[in-house]
Amino acid sequence: LLLIATLVFSSALAARDFTLLTSEPGRKAKAEVSAEALFIEVIEEVFKRADLNVNVKKGPWIKAQRAVMAAKPNERYLIAPLTRLKQREKDYDWILPLSSYRLQFVTTDKNTNLKDVEALKRKEVCVLRESAAEYKLKEWEFPDILSRVQVQKCFKGLESGKQEVVLAHGERVASALFQQVGGDPKDLIFGRPFTEYTVYLAATKDSIDELTKQQLLNALDAMKIDGTYDEIFAKYQ
């Protein structure tokens, strides 16, 4: 009986353990300004309030997406921050809306007209691979898309002058990434924001039951009500 009770208790504890896969920041990224660190802090606080355990594993972003899609439900894999797109809708369960952003073209070249989409189509545009930005350029039939596994390389190209245009996931993220690679955010020139997206905490299909999902949503709501959510984001501005 004691053995059975121990096994049941261990199984119950394991059922409250989750593994969060997220991308590894570039080697020059500063932890205090990285998008990865921001969302990890938000998610860890959410799980703490919901009395759930989450273990964080960092690695290549594309590999992380494929691992979560291929995992079995009982492995309880999570991924964040992942933009919710129609191309991904059926691949994951979408658990928590973490934040919203709008795409923006960005350059350091004062002679580049970021309002002229047809002119931009004659240039090479750098984006994060398999991201909302890449999907948008493909939708608009941009012929010369440079997709990078690490988006920091796009901004390193801007900083060195080898890259003229990047399609970024919002001004705040672009400024932080440019600073990470040694650039001065004041040198960035932004186009008008367009197409709003939401980044989520997502999970392997059927790995989180509705009660647990509601516990997490309630915890996130509580963080927004008491100001913790805004306090965390303010640290990364």
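**Figure 1. Surroundings of His169 in the loop between β7 and α7.** In this predicted model, His169 occupies the loop that links β7 (165–168) to α7. With a relative accessibility of 16%, His169 counts as buried, because the cut-off for a buried residue is under 20% relative accessible area. Beyond its neighbours within four places in sequence, His169 is in contact with Tyr101, Arg102 and Leu103, with Leu128, and with Ser131, Ala132 and Ala133. Of these partners, Ala132 and Ala133 are among the buried residues of helix α5 (residues 132–139).

**Figure 2. Strand β7 and its pairing with β4 and β5.** Strand β7 sends Val165 and Leu167 one way, and Val166 and Ala168 the other way. All four of these side chains are buried. In a regular strand, side chains alternate between the two faces of the sheet. Strands β4 and β7 run antiparallel and are joined by 3 bridges; within this pairing, Gln104 stands opposite Ala168. Strands β5 and β7, by contrast, run parallel and are joined by 2 bridges. Here Cys126 has Val166 of β7 as its bridge partner.

**Figure 3. Val125 in strand β5.** Val125 is a residue of strand β5. The relative accessibility of Val125 is 0%, so this residue counts as buried. Apart from neighbours within four places in sequence, the contacts of Val125 include Phe105, Leu120, Leu137, Phe142 and Asp144. Ile145, Leu146 and Gln163 also touch Val125, as do Val165, Val166 and Leu167. One of these partners, Phe105, is 20 residues away along the chain, and its C-alpha atom is separated from that of Val125 by 8.9 Å. Val165, Val166 and Leu167 are themselves buried residues of β7.

**Figure 4. Packing of helix α5 and the turn that follows it.** The buried residues of helix α5 (residues 132–139) are Ala132, Ala133, Glu134, Lys136 and Leu137. They pack against β3 (77–83), β4 (93–107), β5 (125–128), β6 (145–148), β7 and β9 (194–203). Leu137 is also one of the contacts of Val125. Just after α5, Glu141 adopts a positive phi of about 60°, a positive value in a residue other than glycine. Glu141 belongs to the loop between α5 and β6, and its relative accessibility of 64% means that Glu141 counts as exposed.

**Figure 5. Backbone features at Pro81 and Asp206.** Ala80 and Pro81 are joined by a cis peptide bond, with omega of about -5°. Pro81 is placed in strand β3. Strand β3 (77–83) is among the elements against which the buried residues of α5 pack. The second site shown is Asp206, which has a positive phi near 65° although the residue is not glycine. Asp206 is found in the loop between β9 and α8. At 65% relative accessibility, Asp206 counts as exposed.

**Figure 6. Ser175 in helix α7.** Ser175 is part of helix α7 (residues 171–180). Its relative accessible area is 16%, and Ser175 is therefore buried. When residues up to four places away in sequence are not counted, Ser175 touches Pro185, Leu188 and Phe190.

**Figure 7. Crossing of helices α8 and α9.** Two packed helices are described by the angle between their axes and the distance between the axes. The axes of α8 (residues 210–226) and α9 (residues 228–235) come within 4 Å and cross at roughly 75°. The two helices are therefore roughly perpendicular to each other, because angles of 65 to 115 degrees fall into that class. From α8, the residues Leu220, Met223, Lys224 and Asp226 meet Thr228, Tyr229 and Ile232 of α9. By type, the residues of this contact comprise 4 nonpolar, 1 polar and 2 charged.

**Figure 8. Overview of the fold from which the close-up views are taken.** The protein contains 9 helices and 9 strands. Of its 237 residues, 48% are buried. Among contacts with a separation of 6 or more, 74% join residues 24 or more positions apart. The protein exposes about 12800 Å², and carbon and sulfur atoms supply 49% of this area.

Notes
Residues numbered from 1 in each chain as written. Predicted model: local features only at pLDDT ≥ 70, side-chain atom pairs only at ≥ 80, totals over all residues. Heavy atoms only, no water. Axes fitted to C-alpha atoms, helices over the stretch in contact; angles between N-to-C directions. Parallel < 35°, antiparallel > 145°, perpendicular 65-115°, else oblique. Contact = heavy atoms within 4.5 Å. Nonpolar A, V, L, I, M, F, W, Y, C, P; charged D, E, K, R; others polar. Buried < 20%, exposed > 50% of the residue type's maximum accessible area, 1.4 Å probe, protein only. Areas by Shrake-Rupley, 256 points an atom, 1.4 Å probe, with all protein chains shown as cover. Pairing = 2+ DSSP bridges.
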